[in-house]
Structure formats: structure tokens, C-alpha cells
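Hello,

Here is the structure I promised to pass on to you. My notes on it follow below.

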Amino acid sequence: MKVVVDTTEQCEFDFVSHQIAPEQQERIAGNLKALPNSPRDRYFGDVRVREVLDGWDVAFVIGHDVNDWVILMIGLEAAGEMENHLDVLIRAGSKTLPQGVQELLKGRRPRK
């Protein structure tokens with residue numbers, strides 16, 4: 001299986017608003033692709049946060065497609081600040097995500 005990295009519209013907006021150069025964006029994607037699971041990841045339900053550039057955290061989810069592992073970057077924020085913005089980020093970007101990812105972001109539901 002191969003690993004594919006994609007972004008949400010919110011993450012693209014974050015890249016532009018924080019002036020993250022295309023080379024830096026590629027470095028972020030390369031880091032996530034090379035090491036999808038890292039002991040440095042911080043977990044918030046199914047959302048993971050990792051510092052991938054000095055001073056910058058990326059929020060992402062990992063899903064499985066038919067033949068690929070899909071890493072979806074959902075936002076970028078200054079290191080240590082992601083937790084303060086995570087709820088807003090998830091709400092802002094969730095409507096543009098595929099239905100399966102929207103369900104992942106809602107978290108686990110109690111069994112009946």
C-alpha cells in the first residue's frame with residue numbers, strides 16, 4: 001500500500017495566511033508520508049498534531065482508502081497553539097471533507 005498526503009481548504013488557507021513556502025509544504029508532506037505514526041504525535045480523538053517544521057504544528061487525520069493510506073492535513077498553526085484552535089479548525093473544515101472523514105472527526109460514539 002502507498003501513502004497519499006492531501007490537504008483541506010482550511011489547511012491551504014493556513015499555508016497562505018502563514019506564508020508557508022511551497023518547499024516547506026513539501027517538507028511537511030514528506031515528513032508525514034515517511035512517518036505516518038510518530039511517537040511525537042499528540043492525539044485529540046482521531047486528530048493528530050505534530051510539529052513538523054520548527055515552530056509549526058500540523059493537524060492531520062489518517063484514513064484508509066481501497067489501495068492507499070490517506071493522510072489529510074486539516075490545519076497549520078504556530079507550535080503550541082494548535083490545541084487552542086483545534087475545535088474551530090475542525091468545525092471550519094469539516095463541511096468540506098468527505099463524509100467518512102467527517103465521521104472520524106466526530107469521534108467515537110457510545111455503544112447502545
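The secondary structure of the chain amounts to four helices and five strands, taken as DSSP runs numbered from the N terminus (helices: H or I, at least four residues; strands: E, at least two). Along the sequence they follow the pattern β-α-α-β-β-β-β-α-α.

Before the details, a word on what you are looking at. This is a predicted model, in which local features need pLDDT of at least 70 and side-chain atom pairs count only at pLDDT 80 or more, while totals for chains, interfaces and linings use all residues. Residues are numbered from 1 along each chain as its sequence is written, and side-chain values use heavy atoms, with hydrogens and water left out.

On confidence, the chain averages a pLDDT of 83, and 77% of the residues score at least 70; pLDDT is the predictor's confidence in each residue, from 0 to 100. Among the elements, helix H2 has the highest mean, 95, and helix H4 (residues 99-106) the lowest, 64.

Now the sheet. Its five strands form an open sheet in the order E1-E5-E4-E3-E2, with mixed pairing; two strands pair if DSSP finds at least two bridges between them. Strands E1 (2-7) and E2 (42-44) stand at the edges with a single partner strand each, so one side of each has no neighbour in the sheet. On average, neighbouring strands are turned by 35° against each other, direction ignored (axes are lines fitted to C-alpha atoms, for helices over the stretch in contact, and angles run from 0 to 180 degrees between N-to-C directions).

E1 and E5 run parallel and are joined by six bridges, with threonine 7 opposite methionine 73 in E5. Two helices pack on the sheet. Helix H1 (residues 9-17) touches E1 and E5, and its direction makes about 45° with that of E5; contact means heavy atoms within 4.5 Å. Helix H2 (residues 22-34) touches E1, E3, E4 and E5, and its direction makes about 125° with that of E3.

There are also two hairpins to look at. E3 (residues 47-53) and E4 (residues 56-64) are antiparallel, with five bridges; two residues lie between them, and glycine 55 in the turn has a positive phi of about 90°. Here glutamate 51 stands opposite aspartate 57. E4 then pairs with E5 (residues 68-78), again in the antiparallel sense, over nine bridges, and three residues separate the two strands of this hairpin. Valine 61 faces leucine 72 across that pair.

Best wishes
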